[in-house]
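Me: I am new to this structure and would like a close look at a single part, namely the salt bridges and the residues that surround that theme. Please take me through it slowly, and explain each term when it comes up.

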Amino acid sequence: MSYLIDLSAIKSGGGLQLASNFLSVSKEELHNSVDVHLVVSAAIAQRLCDGEFSVVGVVPNGLIGRALFEYVQFPRLLRKYQVESIYTFFGAGMPVTNGVRAVVSVAYPIICYEDSPYWSYVPRIERLKKRLWNFVRISRLRRATTILCETEVMRKRLLSVLGADVEIFVSPPSPSEFIPDIAPSDRRPVAGNILEVLVLSGVAYHKNTWRLYEVAELLRRNGSRVRFVCSFSRRDFLRCLKAVEKHSVIDSGILDDCFDFIGSVGPEAIGGLYARCSVLISLSDLESYSNNYMEAWRTSTVLICSDRDFAREICRESALYCDPHSVPSVVSAIESIISAPSADVMRMLMVGRENLDRLPSQKQRAAGIWKNLRAAK
């Protein structure tokens, strides 16, 4: 049999980590019994061209280039390699021809969260672009044979958008193997001279990292010594902050004292950041199943999360929750960690370990995906 794995939606970050893990364990799962080919984005082509499976197509980054690839080159690849089934790793899927089965793994919460506060804050032009892309993604997903999502919350929301005729299964993710295991007992106390809070995210509007400037202002006024360690640049943060909040004056002292802008971080460096920081904060309005949650559990890092349905279902009692659009709420969550009894912190960390233990291993998840792929009709 001949399969094609579509990685064209993967550009970097957590998606690349998970895709790399999946390819690694898939080699063991398949035992060379089938032909497997890859289609990848131009952003990751260099990283995967020397891997176990052959890269037969590289999707350009531009809109026109991608469209030409999907509707001209891609059908040729299906015929050339006699592909019977396609697995799309986090995306909306490729155009499907008759007789070719398609399993699509979806992690696009934006398509099924019309009620999210996100839409009220994103700039107008960006909002129009997102809604157009949502229309395209939903149209493509409706043509898939089977859809895999990561949580029951996501499955129900997708059904409400795509319709009850679409076959959707829940396939929980697996923790990345790039992250070292740190036991709760090996963690240093949260309290210290300066609380370092990890912000392992980008500056996309739905991440709400732009809220952190006002959070830092209030923490500073309260006398709480907190530094946000951010995986984005100072320039990108300021650009996003000005676009959304339209601040006319930015206090450089707050940026210097309360932020460490370390920029984009490769998979090999993420473990060191978790070891450095006692707390991870995620203020996102939209998530499927963030790698941040699993990584925090594995490294025994205290979690502060947005009070949203996806976070509540996933994290349960392993996190503190806040309204990302209420600066006092965010500050209260951070300051409660600073003053929390060590027993309460340990209790949250232990619940995180329990959540982690319920997730499938990389091998188990890959086996489940291949089972769905073989069974797709």
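Reply: The structure holds 22 salt bridges, a salt bridge being a side-chain nitrogen of Lys or Arg within 4 Å of a carboxyl oxygen of Asp or Glu. This is a predicted model, in which local features need pLDDT of at least 70 and side-chain atom pairs count only at pLDDT 80 or more, while totals for chains, interfaces and linings use all residues. Residues are numbered from 1 along each chain as its sequence is written, and side-chain values use heavy atoms, with hydrogens and water left out.

One of these salt bridges joins Arg-157 to Asp-115, with 3.2 Å between the closest N and O atoms. Arg-157 belongs to helix α6 (residues 152–162) and Asp-115 to the loop between β5 (101–105) and α4 (118–121), so this pair ties together parts that are 42 residues apart in sequence. Helices (H or I, at least four residues) and strands (E, at least two) are DSSP runs, numbered from the N terminus. The two partners can also be described by their accessibility, where buried means under 20% relative accessible area, exposed means over 50%, and partly exposed lies in between, with a 1.4 Å probe and protein chains only. Arg-157 counts as buried at 18% relative accessibility, whereas Asp-115 is exposed, its relative accessible area being 55%.

A second salt bridge brings together the side chains of Arg-353 and Asp-181, at 2.9 Å from N to O. This pair links distant parts of the chain, for Arg-353 is in helix α14 (residues 342–358) and Asp-181 is in the loop between β7 (168–170) and β8 (195–199), 172 residues apart. Arg-353 counts as buried, at 17% relative accessibility, while Asp-181 counts as partly exposed, at 47%.

Helix α14 also holds Glu-354, which counts as partly exposed at 46% relative accessibility. The C-alpha atom of Glu-354 is separated by 8.7 Å from that of Trp-297, although these two residues are 57 residues apart along the chain.

A third salt bridge is formed by Glu-196 and Arg-227, whose closest N and O atoms are 3.2 Å apart. Glu-196 lies in strand β8 and Arg-227 in strand β9 (residues 226–230), so the pair ties together parts that are 31 residues apart in sequence. Glu-196 is buried, with a relative accessible area of 14%, and Arg-227 is partly exposed, with a relative accessible area of 23%. Through salt bridges that share partners, Glu-196, Arg-227, Asp-260 and Arg-276 are joined into one network.

Glu-295, in helix α11, offers a contrast to these pairs. Glu-295 is buried yet has no salt bridge, and the nearest side chain of opposite charge, that of Arg-298, is 8.9 Å away; for this purpose Lys and Arg count as positive and Asp and Glu as negative, while His and the chain ends are not counted. The side chain of Glu-295 does make a polar contact, at 2.7 Å, with the side chain of Tyr-274. A polar contact is a pair of N or O atoms within 3.5 Å; within protein, one must be able to donate a hydrogen and the other to accept it, and residues adjacent in sequence count only if both atoms are side-chain atoms. If residues up to four places away in sequence are not counted, Glu-295 touches Gln-17, Ile-179, Leu-200, Ile-270 and Tyr-274, contact meaning heavy atoms within 4.5 Å.

Helix α11 (291–298) also borders a loop, between α11 and β12 (302–306), in which Ser-300 lies. Ser-300 is buried, with a relative accessible area of 2%, and its phi is near 55°, a positive value in a residue other than glycine. Most residues other than glycine have a negative phi. Arg-316, too, has a phi near 55°, again a positive value in a residue other than glycine. Arg-316 has its place in the loop between α12 (309–315) and β13 (319–322), and at 41% relative accessibility Arg-316 counts as partly exposed.
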